[in-house]
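These are my notebook entries on a single model. I set down what I looked up, one topic at a time.

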Amino acid sequence: MKKNIAFLLMIASCAPALAAKAYYVSATDVYARKQPQSYAMGRLYKNERFDIQYVDSNGWGYGYAYGSVNRCIWMQYSTTAGSNFWTHGTAVSDKCRTTNTYLLNSEFTNGEIWMNSTNTDGRSHILAGATHMWDNWSWGARTGNAVYRGTAPAGSRFIIRYTTNDGAGVMARPCNASGCSSDWFFIQRAAL
């Protein structure tokens, strides 16, 4: 019996990891997160690839995201409006099992979280100076990357969530008189 179990384990360890399937973003964009419903740390755009290994009962998919993310992360696979992804059903190597490319807190924030027990969304802040805005941050490079969203003038109000790991940016969403956007951006911390 022990020999049979050892043999089955040996065969299983020799088999290639093909649990993931290649999916592509069908929405305009989808946020990349360390865990379901956690802080967004970037996004994938229409037709960018996400190799999904697992989808939980709440519609969160786990797998390897390409594009500007290149990490094992969670994304909102489906919502009440439908799926954010499409696929040909192609099985692919599961990079989350074969690489150590998991998203760590220290990879995207220096630990400065802009919230407290009464406001878990982030802290409201008026900009002291103008700032550039991006959809993604170049982790460790002290600047945004991918899609550039323009400039926000001094005096603009933002909800700030966290400071980037290099201390040069913050994840924030813009606000105006009618409320705050649901869209998150990265802006320069020096503008605060």
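**Entry 1: A172.** I began by asking whether A172 is buried or exposed. In this predicted model, A172 has a relative accessibility of 0%, so I list A172 as buried. I placed A172 in strand β14, which covers residues 169-176. I then looked up which residues A172 touches, leaving aside those up to four places away in sequence. The partners are F158, I159, I160, D183, W184, F185 and I187. I also checked the spacing to G122: the two C-alpha atoms lie 8.2 Å apart, while 50 residues separate A172 and G122 in sequence.

**Entry 2: Nonpolar cores.** I next asked which residues touch the most other members of the largest nonpolar core. That core has 28 residues, and the ones I noted are L44, F50, V69, I73, M75, F85 and Y162. At least two residues of this core come from each of β1 (20-25), β2 (29-33), β3, β4, β6, β11, β13 (157-163) and β14. Another core, of eleven residues, lies apart from the largest one. I found A172 among the members of this other core, along with M133, A152 and I187.

**Entry 3: Salt bridges.** How many salt bridges does a search of the whole structure find? I recorded six. One of the pairs I examined joins the side chains of R43 and D135, with an N to O distance of 3.0 Å. R43 belongs to strand β3 (residues 40-45) and D135 to strand β11 (residues 131-138), so this pair ties together parts that are 92 residues apart in sequence. I noted both R43 and D135 as buried.

I then followed D135 to R149, where the side chains meet in a salt bridge at 2.9 Å, N to O. This pair links distant parts of the chain, with D135 in strand β11 and R149 in strand β12 (residues 143-152), 14 residues apart. D135 has 2% relative accessibility and therefore counts as buried, whereas R149, at 35%, counts as partly exposed. I traced the shared partners further: salt bridges join D29, R43, D135, R149 and D183 into one network.

I also looked up the pair of D51 and R49, whose side chains form a salt bridge at 2.6 Å, N to O. D51 is buried, at a relative accessible area of 3%, and R49 is partly exposed, at 26%.

**Entry 4: Aromatic pairs.** I counted eleven aromatic pairs. For Y54 and W74, the ring centres are 6.2 Å apart and the planes stand at 85°, so I entered the pair as edge-to-face. Y54 lies in strand β4 (residues 49-55) and W74 in strand β6 (residues 71-76), so the pair ties together parts that are 20 residues apart in sequence. Y54 is partly exposed, with a relative accessible area of 46%; W74, at 16% relative accessibility, counts as buried.

W74 also pairs with Y62, and I entered that pair as tilted, with 5.2 Å from centre to centre and 50° between the planes. Y62 sits in strand β5 (residues 60-65) and W74 in strand β6, so the pair ties together parts that are twelve residues apart in sequence. I found both Y62 and W74 buried. Elsewhere, I noted a cluster in which ring pairs link W134, W137, Y148, Y162 and F186. Y162 was already in my notes as one of the residues that touch the most other members of the largest core.

**Entry 5: The protein as a whole.** I looked up the secondary structure, which comes to three helices and 16 strands. Of the 192 residues in the protein, 42% are buried. Among contacts with a separation of 6 or more, 57% are between residues 24 or more positions apart. The exposed area is about 10100 Å², and carbon and sulfur atoms supply 54% of this area.

**Entry 6: Confidence.** Finally, I checked the pLDDT values. The mean for the protein is 82, and 82% of the residues reach 70 or more. Where does pLDDT stay under 50? I found this over residues 1-18, for which the model has seven contacts beyond four places in sequence. Predicted coordinates should not be read in detail where pLDDT is low.

Methods. Residues numbered from 1 in each chain as written. Predicted model: local features only at pLDDT ≥ 70, side-chain atom pairs only at ≥ 80, totals over all residues. Heavy atoms only, no water. Phe/Tyr/Trp six-rings, centres within 6.5 Å; stacked < 30°, edge-to-face > 60°. Helix = DSSP H or I, 4+ residues; strand = E, 2+ residues; numbered from the N terminus. Buried < 20%, exposed > 50% of the residue type's maximum accessible area, 1.4 Å probe, protein only. Contact = heavy atoms within 4.5 Å. Areas by Shrake-Rupley, 256 points an atom, 1.4 Å probe, with all protein chains shown as cover. Salt bridge = Lys/Arg side-chain N within 4 Å of Asp/Glu carboxyl O. pLDDT = per-residue confidence, 0-100. Core = buried A, V, L, I, M, F, W, Y, C linked by side-chain atoms within 4.5 Å.
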